[in-house]
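Student: Could you walk me through how to read packing and contacts in a model like this one? I'd like the general idea before each case.

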Amino acid sequence: MLSFWEKNSLLRYDVIIVGSGILGLSTACEIKERYPEKNILVLERGILPTGASTKNAGFLCFGSITEILADFNLKGEKETLSLVEKRWKGINYLKERLAENKIGYLSYGGYDLLDTPHSPAVKEIDRVNALLKQVFDNDVFQISDSKIKEFGFNRELVSHMVYSPFEAQIDTGEMMKTLLKYAQFLGIQIINGAEVKEVSDGKVYLWHSSMNESICFKAEKILICANAFVNKLLPELDVKPGRGHVIITNPITGLKFKGIFHFNQGYYYFRNYGERVIFGGGRNLDFEAEESFDFGFNETILNDLKDKLDNMILPGTEYVIEDKWTGIMGFTKNKLPEILNIDKNTIAAVSCNGMGIALSSYIARELTDSLY
Ligand SMILES: Cc1cc2nc3c(=O)[nH]c(=O)nc-3n(C[C@H](O)[C@H](O)[C@H](O)COP(=O)(O)OP(=O)(O)OC[C@H]3O[C@@H](n4cnc5c(N)ncnc54)[C@H](O)[C@@H]3O)c2cc1C
């Protein structure tokens, strides 16, 4: 049984947030910055955050040219531009909150590698730049074909490269460590190993395994930031998991490129990390199998990543793959983030899709705006 003391002092909060990924923590910080008197509790099922925020490749991007063109077809120009703007604002809010030197921020820019089928994108650069001017106040994309040889990529497989000076990279681990420390500095309480089983009407239920009983926290506001795992709590929401694979090489002496790189509408992405290469993606090879909550591996995708490293990105270079991992993202059909009122106490923020590092600090502001 819980004691009087526990019931009296440890179970009541103003706000409870489910999930300590970048969205849950950024939202907790945003609320505490605006309302320092609020008692905030973050409940995280894992010993560490266990979804996407500590598993991604550390890109600060808002959409490559091929991804933006694909999004124009999927959701139209207006929605796409609005989403790009939210991502760009989110990136800037993240840097304002945590400071560039605390998140391993490096602005080497970003490149989209175009194979022959994607080459017509080059003709769209002027049009897309004109549309993006309202967000960036500058040209975002420029052709950069001379770098293909300089960076050592296979010119038979890369026809064009499109450069954006606005893209950057971070150290994902440092960013999340700094965000956790900052949340604790603000006085936000974080409990790990606390898997929420049910949420309703201002109550959050968990299983207290050492006491072998159910435990119930109460709050005026409950914010669900569980990303891909949200419909384990709210089955009515149409959010699907999407697993992302990442591999990292040994340090390669004389690595020829720095920056972040994407190809095939953002389905593949690689970057330098010092002299290492981090390479991820390939979900498009097997969407069905990758709609998974399992942090395991798909050998077909790993082999494809290795093949692309050998033949396209590092041709003729010796390297070894030193580590690999997967992370689970949450996807909706239209790829748009949403803030949903579930009941009078509960709000769910869903579907940062594959862009939550960029979007979360923006969504945290919108979510906080909606509270009081
Ligand atoms: C391989 C990969 C590459 C990516 N590349 C990029 C990129 O280039 N740019 C970009 O902007 N984004 C990228 N992303 C996406 C980005 O990482 C995510 O959109 C972002 O981290 C989502 O943050 P989140 O806080 O919403 O979710 P998560 O980080 O998934 O956090 C949700 C948290 O909720 C916890 N949780 C779930 N259910 C419960 C429960 N019942 N009780 C308690 N806790 C619970 C989970 O353990 C988890 O810690 C990538 C992701 C991956 C995996």
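Tutor: Let's begin with contact, which means heavy atoms within 4.5 Å. Leaving aside its neighbours within four places in sequence, Asn231 is in contact with Leu237, Val239 and Phe293.

Student: Before we go on, what am I looking at?

Tutor: This is a predicted model, where local features need pLDDT of at least 70 and side-chain atom pairs count only at pLDDT 80 or more, while totals for chains, interfaces and linings use all residues. Residues are numbered from 1 along each chain as its sequence is written, and side-chain values use heavy atoms, with hydrogens and water left out.

Student: Where does Asn231 lie?

Tutor: Helices (H or I, at least four residues) and strands (E, at least two) are DSSP runs, numbered from the N terminus. Asn231 sits in helix α7 (residues 230-233).

Student: Which backbone atom lies 2.9 Å from a polar atom of the Asn231 side chain?

Tutor: First the rule: a polar contact is a pair of N or O atoms within 3.5 Å; within protein, one must be able to donate a hydrogen and the other to accept it, and residues adjacent in sequence count only if both atoms are side-chain atoms. For Asn231, the partner is the backbone oxygen of Val239.

Student: And which residues come nearest to the ligand?

Tutor: A residue is near a molecule or strand if one of its heavy atoms lies within 4 Å of it. There are 37 residues around the ligand, and Glu44, Arg45, Thr50, Ser53 and Gly356 come nearest. As for polar partners, a polar backbone atom of Leu23 is 2.9 Å from an oxygen atom of the ligand. A polar side-chain atom of Asn227 is 3.1 Å from a ligand oxygen, and a polar backbone atom of Met355 is 3.2 Å from one.

Student: How do α2 and α10 pack?

Tutor: Axes are lines fitted to C-alpha atoms, for helices over the stretch in contact, and angles run from 0 to 180 degrees between N-to-C directions. Helix α2 (residues 22-34) and helix α10 (residues 356-369) pack at about 40 degrees, with axes 8 Å apart. Under 35 degrees counts as roughly parallel, over 145 as roughly antiparallel, 65 to 115 as roughly perpendicular and the rest as oblique. So α2 and α10 are oblique to each other.

Student: Is their crossing left-handed or right-handed?

Tutor: A crossing is left-handed if the near helix is turned anticlockwise from the far one by less than a right angle, and right-handed if clockwise. α2 passes α10 in a right-handed crossing. Residues of α2 including Ile22, Leu23 and Ser26 meet residues of α10, among them Gly356 and Ile357.

Student: What about α2 and α6?

Tutor: Their axes come within 10 Å and cross at roughly 35 degrees, and the crossing of α2 and α6 is left-handed.

Student: How do α3 and α6 compare on angle and handedness?

Tutor: Helix α3 (residues 65-98) and helix α6 (residues 172-185) pack at about 60 degrees, with axes 11 Å apart. The α3 and α6 crossing is left-handed. Leu94, Arg97 and Leu98 of α3 make the contact with Met175, Thr178, Leu179 and Tyr182 of α6.
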